[in-house]
Amino acid sequence: MTGSLSSDEGRRGSDVHPGDDLAGSRYPVTRIWSDEAGVTHFEDGEITLSDGGEIGMLSEPMSVDRATFRSTGSDYDYDWHPTPARQLILMMTGAIEIETGDGEVRRFTAGDTIFLEDTTPPGHRTRNVGAV
């Protein structure tokens with residue numbers, strides 16, 4: 001992964017959540033990226049957290065140009081599309097499935113974080129599979 005994200009092969013973002021004992025010094029993140037041929041893939045990684053004293057464990061600051069909140073209906077099924085910009089998705093409720101160009105499908109639920117970097121077509125597919 002890039003920036004303050006590091007690779008963590010073999011561990012799925014949905015396997016560990018921030019409130020779990022295992023997440024004490026790292027926050028799991030799943031990255032979606034495109035290779036040189038434009039095929040998208042998942043990569044498991046983490047954001048390292050350090051002791052912030054009384055306020056808990058903290059990551060290094062990340063620059064943010066904008067933030068958007070979104071909710072989708074239960075029939076949400078968005079065909080192949082790239083992400084409009086590099087972005088983090090913080091799953092707050094519900095469940096979605098994302099399919100990447102290499103054919104892998106993963107489910108994400110509340111507490112999961114996804115880092116999207118596939119800004120060129122064809123991108124990925126997303127559909128709602130749980131309560132919103």
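This text walks through the fold, the core, the aromatic pairs, the surface and the salt bridges of one protein chain.

The model is a predicted one. Start with the overall fold. The protein chain has zero helices and 11 strands. Read from the N terminus on, its elements run β-β-β-β-β-β-β-β-β-β-β. The chain has 132 residues, and 35% of them count as buried. Now look at how the chain meets itself. Take the contacts between residues at least 6 apart in sequence: 63% of these join residues at least 24 apart.

Next, go inside. Nonpolar side chains tend to be buried together in soluble globular proteins. Which residues make up the largest nonpolar core here? There are eight: I32, F42, M91, I96, I98, F108, I114 and L116. Two strands each supply at least two residues of this core, namely β8 (95-99) and β10 (113-116).

Pick out L116, one of the eight core residues. Set aside its neighbours within four places in sequence. L116 then touches I32, T83, A85, R86, Q87, I89 and H124. I32 is in that list of contacts, and I32 is also a member of the core.

Two other core members, F42 and F108, lead to the aromatic rings. The whole structure holds two aromatic pairs. In one of them, F42 and F108 sit 6.1 Å apart, centre to centre, with 45° between their planes. That pair counts as tilted, because the angle falls between the cut-offs of 30 and 60 degrees. Where do F42 and F108 lie in the chain? F42 is in strand β3 (residues 40-48), and F108 is in strand β9 (residues 105-109). The two are 66 residues apart, so this pair links distant parts of the chain. Both rings belong to buried residues.

Y76 and Y78 form an aromatic pair too. It is also tilted, with 6.2 Å from centre to centre and 50° between the planes. Are Y76 and Y78 buried or exposed? Buried means under 20% relative accessible area. Y76 has 17%, so Y76 counts as buried. Y78 has 43%, so Y78 is partly exposed.

Now move to the surface. The accessible surface of the chain comes to about 7,900 Å². Carbon and sulfur atoms account for 50% of it. M62, L88 and L90 make a nonpolar surface patch of about 260 Å². M62 sits in the loop between β5 (57-58) and β6 (77-81). With 36% relative accessibility, M62 counts as partly exposed.

Another loop holds T120, between β10 and β11 (124-128). T120 is partly exposed, with a relative accessible area of 42%. Leave out the neighbours within four places in sequence, and T120 is in contact with S34 and P82. T120 and W33 are 87 residues apart in sequence. In space, their C-alpha atoms are 9.7 Å apart.

Last come the charged side chains. The whole structure contains 10 salt bridges. One of them joins D79 and R125, at 3.6 Å from N to O. D79 lies in strand β6 and R125 in strand β11, so this pair ties together parts that are 46 residues apart in sequence. D79 is partly exposed at 46% relative accessible area. R125 is partly exposed as well, at 31%.

Strand β11 also holds R127. The side chains of E97 and R127 meet in a salt bridge of 3.0 Å, N to O. E97 lies in strand β8, so here the tie is between parts 30 residues apart in sequence. E97 counts as buried, because its relative accessibility is 17%. R127, at 38%, counts as partly exposed.

A further salt bridge links E104 and R106, at 2.8 Å from N to O. How do E104 and R106 count, buried or partly exposed? E104 has 30% relative accessibility, so E104 counts as partly exposed. R106 has 6%, so R106 counts as buried.

Salt bridges can also be followed from residue to residue. R31, E43, R86 and E117 are linked in a network of them. One name here is familiar: R86 is among the contacts of L116.

Technical notes. Residues are numbered from 1 along each chain as its sequence is written. This is a predicted model: local features need pLDDT of at least 70, side-chain atom pairs count only at pLDDT 80 or more; totals for chains, interfaces and linings use all residues. Side-chain values use heavy atoms; hydrogens and water are left out. Rings of Phe, Tyr and Trp (its six-membered ring) pair if their centres lie within 6.5 Å; planes under 30 degrees apart count as stacked, over 60 as edge-to-face and the rest as tilted. Helices (H or I, at least four residues) and strands (E, at least two) are DSSP runs, numbered from the N terminus. Buried means under 20% relative accessible area, exposed over 50%, partly exposed in between (1.4 Å probe, protein chains only). A nonpolar core is a set of buried Ala, Val, Leu, Ile, Met, Phe, Trp, Tyr and Cys residues joined through side-chain atoms within 4.5 Å. Contact means heavy atoms within 4.5 Å. Accessible areas come from the Shrake-Rupley method with a 1.4 Å probe; for residues, only the protein chains shown count as cover. Patches are made of residues with over 30% relative accessible area and no salt bridge: like charges are joined within 9 Å, nonpolar side chains (Val, Leu, Ile, Met, Phe, Trp, Tyr) within 5 Å. A salt bridge is a side-chain nitrogen of Lys or Arg within 4 Å of a carboxyl oxygen of Asp or Glu.
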